[in-house]
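Colleague: I should like to learn how to read a model of this kind. May we take its features in turn?

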Amino acid sequence: MTDSQSLRDRLLEEINRIRVIDVHSHVPHDAPVAGSLRELLGYHYYTELAHSAGMDKAVLAPDRSEEEVIPDLVRALEHVDNTIQYKWMIELVTDLFGFQDEKLTLENWQPLADAVRRAAREPGRARQVMDQCNIDKVFLTNEFDEDLGGIDADLFGPSLRSDALVRHMDEADIRGRLEATSGVAIRDAGSMADAIGVVVQRFADAGARSASMSLPPHFCTLRTLGGEFDRAVEAVLGGRASDADVAVLRAGVLSLLCGFCDDCKMPVQIMWGVTRGAYEHGVYQGHDLLEAGDTLANLMPLLNAFAGVTFCLSVLSSGQEQELCSYGWLVHNVVLSGHWWYLNVPAHIARDLAARLQSVPKTKLIGYYSDMYKLEFGLSKFNMYRRILAQVLAHDFVEAGLGTEDDAVRIAHLMLRGNPQRVFGLTGEGQ
Amino acid sequence: MTDSQSLRDRLLEEINRIRVIDVHSHVPHDAPVAGSLRELLGYHYYTELAHSAGMDKAVLAPDRSEEEVIPDLVRALEHVDNTIQYKWMIELVTDLFGFQDEKLTLENWQPLADAVRRAAREPGRARQVMDQCNIDKVFLTNEFDEDLGGIDADLFGPSLRSDALVRHMDEADIRGRLEATSGVAIRDAGSMADAIGVVVQRFADAGARSASMSLPPHFCTLRTLGGEFDRAVEAVLGGRASDADVAVLRAGVLSLLCGFCDDCKMPVQIMWGVTRGAYEHGVYQGHDLLEAGDTLANLMPLLNAFAGVTFCLSVLSSGQEQELCSYGWLVHNVVLSGHWWYLNVPAHIARDLAARLQSVPKTKLIGYYSDMYKLEFGLSKFNMYRRILAQVLAHDFVEAGLGTEDDAVRIAHLMLRGNPQRVFGLTGEGQ
Amino acid sequence: MTDSQSLRDRLLEEINRIRVIDVHSHVPHDAPVAGSLRELLGYHYYTELAHSAGMDKAVLAPDRSEEEVIPDLVRALEHVDNTIQYKWMIELVTDLFGFQDEKLTLENWQPLADAVRRAAREPGRARQVMDQCNIDKVFLTNEFDEDLGGIDADLFGPSLRSDALVRHMDEADIRGRLEATSGVAIRDAGSMADAIGVVVQRFADAGARSASMSLPPHFCTLRTLGGEFDRAVEAVLGGRASDADVAVLRAGVLSLLCGFCDDCKMPVQIMWGVTRGAYEHGVYQGHDLLEAGDTLANLMPLLNAFAGVTFCLSVLSSGQEQELCSYGWLVHNVVLSGHWWYLNVPAHIARDLAARLQSVPKTKLIGYYSDMYKLEFGLSKFNMYRRILAQVLAHDFVEAGLGTEDDAVRIAHLMLRGNPQRVFGLTGEGQ
């Protein structure tokens, strides 16, 4: 073993000891672990890759049984067994369900399916999985009108998923749901603001630590809310909104939301740059793409306007990664957060992480979040990240002469635990 | 030697054994090898680099003899002897013509020129060179009205070069050639479609396996062909086309072409993102540049519209590489193909390849094509790629824990031979 | 030590012997070294990172004493001690002021502050620092109406900073200053050209070797100057200029300037892509950001128009780096220069440098410039670059099979000394 490898291994050993905070997931608090192998394989990463590699969408018809679906999926996934996503699956079934092979095959999936079903019935399974992942706490993303009761605060923290409010307020259905949950009739910009305020306050009262949303490329934000917004709301409510009105509406709703987040000291998590529905023929949750050439400049008016709000930013396009670093470097209320979706691939993470570590204040880096739908994926996703973090800290930090091995360990603690705690105001909880 | 180096060397040994399919070249089937050293050095990579480094264009005047031109080129190429392109030249003249030095000099070019001329006269030289390159088959790119007779099907496969049709149909000259080759008088959108259909069928009948074209940044494609296209054709034929008409014409011709390719089961190779003529002062074939910040989003309507056509995509800008990966990952009819032109540089290939290997189904990766004008370049270009592939498979696949050494070898086979065979329907041929 | 490391170390030893030319700095010729620790820590890299990490701007109020300011800064910089910028500070105070610790603390800053003050009073300090940095000559950037007398030509070369002329000619204040320094009354496009010509000639007479400027993303340039420019000047002088007029004015002034540079054989240094004032809340010099997705295509008309002018280009966005390489590769009058600002980070430099070395003529690469405000930073910035250059030459050039160790050393000489000398016509000076 070279010196370089043993440094990396020592760092990894320390990193593995850190009890992480996962600041973004889609885990349902009432069904946090997978009930079946089909649920694990139903994660869009697998269905979309299988479909992309040639699998017919009909395989996934909801009326087909697990016995019918899984063999088809297993066959299709042979074509994607080179990917990190496939590796996630193998690592988690190995560590959590005692799977012993290197690939999923027509011969070995059934015992595995049994093991998944058995494990799902064990009491305290969620905490058990989180312990095995060495995850202390997982943030949820909850719809604005979701019931927040019954969330186990030892395991989970609610977070206001704001996509519907910000991107779909022009739809009567969303406004209807907003009126219902807030008890406020939306008659104009003012009452729309009141309704949003009620929602944010309800989330804050329930212990929510952030609002989060994904935004499309070229989304426009506003420096100030003026008469323009009032008129846009009026046009939308009157059913005669132009595209420009809708754009102003969206920017305005986002500003309102940020204002209330400011009042409640809630950071805002923005995932920037996804084009929903770009690919027509995809499977469920498999229609969205990034767009090269996009910029965060459109977000700057918002960052300037809400100097008191912390924005945790993720991007989807590699071309924006260095722009994101410059924002973290310069803009006091920007924190860099994780490696999102199409950038959540080792080769991308390694290079993005190296530049972040070398140019952004260490207190403004949230290393990783899982974005997972079931807790099991926290194991392999965070393990992947831990290995890359160890390697990058070894190569691009310690060996590059930027600090000592001890410095590197301290930085890893900040990125995986200390910064999430401080940024989201968790200090004192579950330490 | 470290473990890592010996892994890479073992992989390279296996990779060197793979008999590759070269899916894109500009080799003329009736003059596939270089007749002279001047032809080798006349490849635009050398003339454009020499000119860029200060060589007067007048050096290349067609009336100058080899004895006059080569010394000037040799002197100029001293300034570019750091580049991978220079390395290509040295490697191929060493392996194919017995050159023994590290640089081309005023002292050693003449014996080399003799060797090149001698070799060109050897019978069966093309197959001999291809064997030394370990290339099984080379795709050509043939003009739409080119005579396809006399192509040696053991060595070559024709391919319909569609640039003129797609990008220049507004020019009377091109339409005249299209009418002549198809026997169809172009009077409206319908007859234009007929003429294109005749061309595609002629290519299919001649064994062509693909249509290929390069497109400029911001090129627009259409989801459906409607009255808009009819009117654009009318305007063009009537000599009163606006820029918008021409844009619709181009998009429409591309759609027509894809429709006929669908009928003939011909994949479409699209090289995206070259701005022709950007640099005014360049040498022959040395005027074209990429444009940073461009996106593939404009191609999405076409990909959605022709779900039955396989699109083999290359990009020219590093900012689009990760976007391309996401397309290969998600979109069922997209295959990633090679490393084109300004991205055909080891540092770019290595990083682009790592991400492709980690996130795109292995069956949707065509590793490399030569884009060469003479067969000799297949040697050094593919050798360069083989070395990078071995290194990336070692470092970013096996060592990164994504698979075994055997998996890596199997993936290399797919990328260099199996996928080209399957995608272009060559299975059974020349195996 | 592995073979690879010892190769790198041998290369570094050779590189360290090269007496470099620094082609771009903001050093004031009459106060080239730091008078105090506060001046060192006042470099915007430190104040902006400290502020970004949470420090109140009020810390930097000009009426606060060094004893008040520095402890606050030291405390804030703890949060950024992972960055390369922090490393620059530690390396320079260690090598130039005998600092012995790994971090700056509340305990150790005062002796350091004393050492800085003492050193500043030593006679010949500037040359002494430059010798320790192994810098032969430093280019300044001088305002167009600055007094160029008293510049020590052994140490410094003046350069015409053209930002005000190119970007602010629509402001009466700038025109007033231009009239005052040139003695030409600006009444129309012709007299504006005359005034600019006087300025360029004055700089040329004073030994200036270049004009330099930073330009914003999307800046437009013109292929030719026509009546459009005359009308734009008229509109600006008449106080009724539209945004479009101002854009034409700027493009036109840049063209005029390039024309005069052509006459005087002065290369033009363009730093492309900074959005001034993007971030509202920043500290002094801490408001500017890059924009992802931008392209150099807008610069092409200028590059085409002034084929006799050498343009030394830097970019600010990683998405443009490969575009920049293609320009250096193809366009005869483009030289690649350094690693600017947000790209001046080891992880970015290493990857950008590898591609430059493999694809751009070696005679068209200016390795690095300091961009510094005080000479001391030349030490750690150039040392950082030397280490990366050694590593990249070892890994991506020698080990990648592109050339020998001797070739690598020769390339390093060109990049750090030979090319700056030739490009800026310094041959024969201070060798």
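Colleague: To begin with the sheet in chain C, how many bridges join β1(C) to strand β2 of chain C?

Modeller: In general, strands of a sheet pair through backbone hydrogen bonds, either parallel or antiparallel. In this predicted model, β1(C) and β2(C), the latter spanning residues 135-139, are joined by three bridges and run parallel. Within this pairing, Asp22(C) lies opposite Val138(C) of β2(C).

Colleague: In what order do the strands of that sheet in chain C lie?

Modeller: The order is β1-β2-β3 in chain C, an open sheet of three strands with parallel pairing. The edge positions belong to β1 (20-22) and β3 (156-157) of chain C; each has a single partner strand, so one side of each is left without a neighbour in the sheet.

Colleague: What is the strand order of the open sheet in chain A?

Modeller: Chain A has an open sheet of three strands in the order β1-β2-β3, and the pairing is parallel. At its edges stand β1 (20-22) and β3 (156-157) of chain A, each with a single partner strand, so one side of each lacks a neighbour in the sheet. Strand β2(A), residues 135-139, is joined to β3(A) by two bridges, and these strands run parallel. Val138(A) is the residue that faces Phe156(A) in β3(A).

Colleague: Let us turn to confidence. What is the mean pLDDT of chain A?

Modeller: As a general caution, where pLDDT is low, the predicted coordinates should not be read in detail. For chain A the mean pLDDT is 97, and 99% of its residues reach 70 or more. The model as a whole scores ipTM 0.97 and pTM 0.97.

Colleague: By what turn can chain B be laid on chain C?

Modeller: A turn of 120 degrees, with a shift of 0.0 Å along the axis, lays chain B on chain C with an RMSD of 0.0 Å. That is the relation of a three-fold axis. The residue of chain B that comes closest to this rotation axis is Gly293(B), whose C-alpha lies at 2.2 Å.

Colleague: Why can one say that the copies meet through different surfaces?

Modeller: One compares the interface residues of the copies. Only 9% of the interface residues of chain B are also interface residues in chain C, so the copies meet through different surfaces.

Colleague: How many residues of chain A are in contact with chain B?

Modeller: There are 33 residues of chain A in contact with 34 residues of chain B. On the chain A side, the elements giving two or more residues are α3 (44-52), α5 (84-97) and α15 (346-359). The most comes from α3(A), with four residues. By type, this side of chain A comprises 13 nonpolar, 16 polar and four charged residues.

Colleague: Which elements of chain B each supply at least two residues of the side that touches chain C?

Modeller: In that interface, 32 residues of chain B are in contact with 35 residues of chain C. The elements of chain B in question are α3 (44-52), α5 (84-97) and α15 (346-359). Here α3(B) gives the most, with four residues. This side of chain B divides into 13 nonpolar, 15 polar and four charged residues.

Colleague: Finally, which residues have the most contacts inside the largest nonpolar core?

Modeller: They are Leu257(A), Leu257(B) and Leu257(C), in a core of 471 residues. Beyond its neighbours within four places in sequence, Leu257(A) is in contact with several residues, including Leu165(A), Val166(A), Ile196(A) and Val200(A).

Notes. Residues numbered from 1 in each chain as written. Chains lettered and ligands numbered in written order. Predicted model: local features only at pLDDT ≥ 70, side-chain atom pairs only at ≥ 80, totals over all residues. Least-squares fit on C-alpha atoms with pLDDT ≥ 70 in both. Contact = placed C-beta atoms within 7 Å. Nonpolar A, V, L, I, M, F, W, Y, C, P; charged D, E, K, R; others polar. Pairing = 2+ DSSP bridges. pLDDT = per-residue confidence, 0-100. Core = buried A, V, L, I, M, F, W, Y, C linked by C-beta atoms within 7 Å. Buried ≥ 20, exposed ≤ 12 C-beta atoms within 10 Å, placed from the backbone.
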